[in-house]
Amino acid sequence: MTRTDDAGIPTWAGKALADHVRPHKRNLVLALQALCRHLRPDQETKQAGKTLTQAKAARRLHCCESVLSRGLSGQSMPSPVLIEALHREASLDAGGEHMVGVTLDALRLLHKKAEAERHRLGNEESAAEIDALSEQLRTAEAECATLRQEIEALTPLREEVSDLRAAVEDLKATRAGLQGRLAVRQEAAIPPPVPRRRGDRRRMRRDVSAVRNLAAQVSELDTEGRAEIALRLLRRSSTEVLNPLETAGLLLLLRQQQQDELADNLIHVYGRDQADRDVLHVALTLHEQGSPSDAGAVLQAALE
């Protein structure tokens, strides 16, 4: 948790400066510290009763936390990019440049004087080399910070893609097995043991067995709070893998498992995206299996 002083200001925004920090550089650093006091925490941090941390401030300024810390303590010369970013963010939070007490031009002048002071008191050639190396270091640190953020953003997407691919492969394997058994049955010309009748639940149970694995997978994803992935898996499966009879069986299974929201979403996307013939087939099967409300819903979705 970020500590604050008696006025409620984070201690990282009021670092004590060492005696060896030169006057013009000191003036620049103190002006930057004053700007940091205008930065406000985001809504989530406010609700938690916390102040803005130095790490979150650095992310807003698109720099590493160590760069911001060294610049506010006088250990290194703040770059023009950091100065401009800090002035912009502070002005936004404070309600305008006139509210922060210093203009960007004034900050640039302070930075120019601090740079001249450093060159005047030290060896100019060595200082230039140090500056170049320092700038390269700051650039590398900024690039590292950006790469870390990009990697963090890509990690969940990679996991989702991996889960979807695995689920689709499982469904394809299940469908291939079912098609193989159906082909053997057709070659042998074996009639079904019980003729299909309107509302025949024995036939429906055989159809449902082809999608039980899918129903279990989407239920598990929804339980884990990954409903969006579950819905994408349902949409892709109903389009590329399942036939209308299997889709109807999947809807009934979802209702039995009390996955009503997933069932409603599947009805909507199926009725909207599929051919009229397939929609009618699904609606007829649902009606035969005692689910007229879902049959009507998938027809209504096709009309929208």
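How many helices and strands does the protein have? The count is 14 helices and zero strands, in what is a predicted model. Read from the N terminus, the elements go α-α-α-α-α-α-α-α-α-α-α-α-α-α. The protein has 304 residues, and 38% of them count as buried. Take the contacts between residues at least 6 apart in sequence: 65% of these join residues at least 24 apart.

**Nonpolar cores**

- The largest nonpolar core is made up of 32 residues. Val218, Leu233, Leu234, Leu250 and Leu254 have the most contacts inside it.
- Several helices each put at least two residues into this core: H7 (124–187), H9 (212–223), H10 (227–240), H11 (244–256), H12 (260–273), H13 (276–288) and H14 (292–303).
- There's also a second core, separate from that one, with 25 residues. Cys63, Leu82, Ala90 and Val100 are among them.
- As background, nonpolar side chains tend to be buried together in soluble globular proteins.

**How H11 and H12 pack**

- The axes of H11 and H12 sit 8 Å apart, and the two helices pack at an angle of about 155 degrees. Angles over 145 degrees count as roughly antiparallel, so that is how H11 and H12 run relative to each other.
- Their crossing is left-handed.
- On the H11 side, the contact is made by Pro244, Thr247, Leu250, Leu251, Leu254 and Arg255. Two of these, Leu250 and Leu254, also turn up in the list of residues with the most contacts inside the largest core.
- H12 brings Asp260, Leu262, Ala263, Asp264, Leu266, Ile267 and Tyr270 to the contact.

**Cysteines**

- Looking for disulfides? A search of the whole structure turns up zero.
- Why is Cys36 not bonded to Cys63? The Cys63 sulfur is the closest cysteine sulfur to that of Cys36, but at 9.5 Å it is too far for a bond. A disulfide needs the two sulfur atoms within 2.5 Å.
- Cys36 is buried, with a relative accessible area of 4%.
- Cys144 isn't in a disulfide either: its nearest cysteine sulfur belongs to Cys64 and is 6.7 Å away.
- Cys144 counts as partly exposed because its relative accessibility is 37%.

**Helix H4 and what follows**

- H4 covers residues 65–73, and its buried residues include Val67, Leu68, Gly71, Leu72 and Ser73.
- Gly74 comes just after H4 and takes a positive phi of about 80 degrees.

Conventions: Residues are numbered from 1 along each chain as its sequence is written. This is a predicted model: local features need pLDDT of at least 70, side-chain atom pairs count only at pLDDT 80 or more; totals for chains, interfaces and linings use all residues. Side-chain values use heavy atoms; hydrogens and water are left out. A nonpolar core is a set of buried Ala, Val, Leu, Ile, Met, Phe, Trp, Tyr and Cys residues joined through side-chain atoms within 4.5 Å. Buried means under 20% relative accessible area, exposed over 50%, partly exposed in between (1.4 Å probe, protein chains only). Helices (H or I, at least four residues) and strands (E, at least two) are DSSP runs, numbered from the N terminus. Axes are lines fitted to C-alpha atoms, for helices over the stretch in contact, and angles run from 0 to 180 degrees between N-to-C directions. Angles under 35 degrees count as roughly parallel, over 145 as roughly antiparallel, 65 to 115 as roughly perpendicular and the rest as oblique. A crossing is left-handed if the near helix is turned anticlockwise from the far one by less than a right angle, and right-handed if clockwise. Contact means heavy atoms within 4.5 Å.
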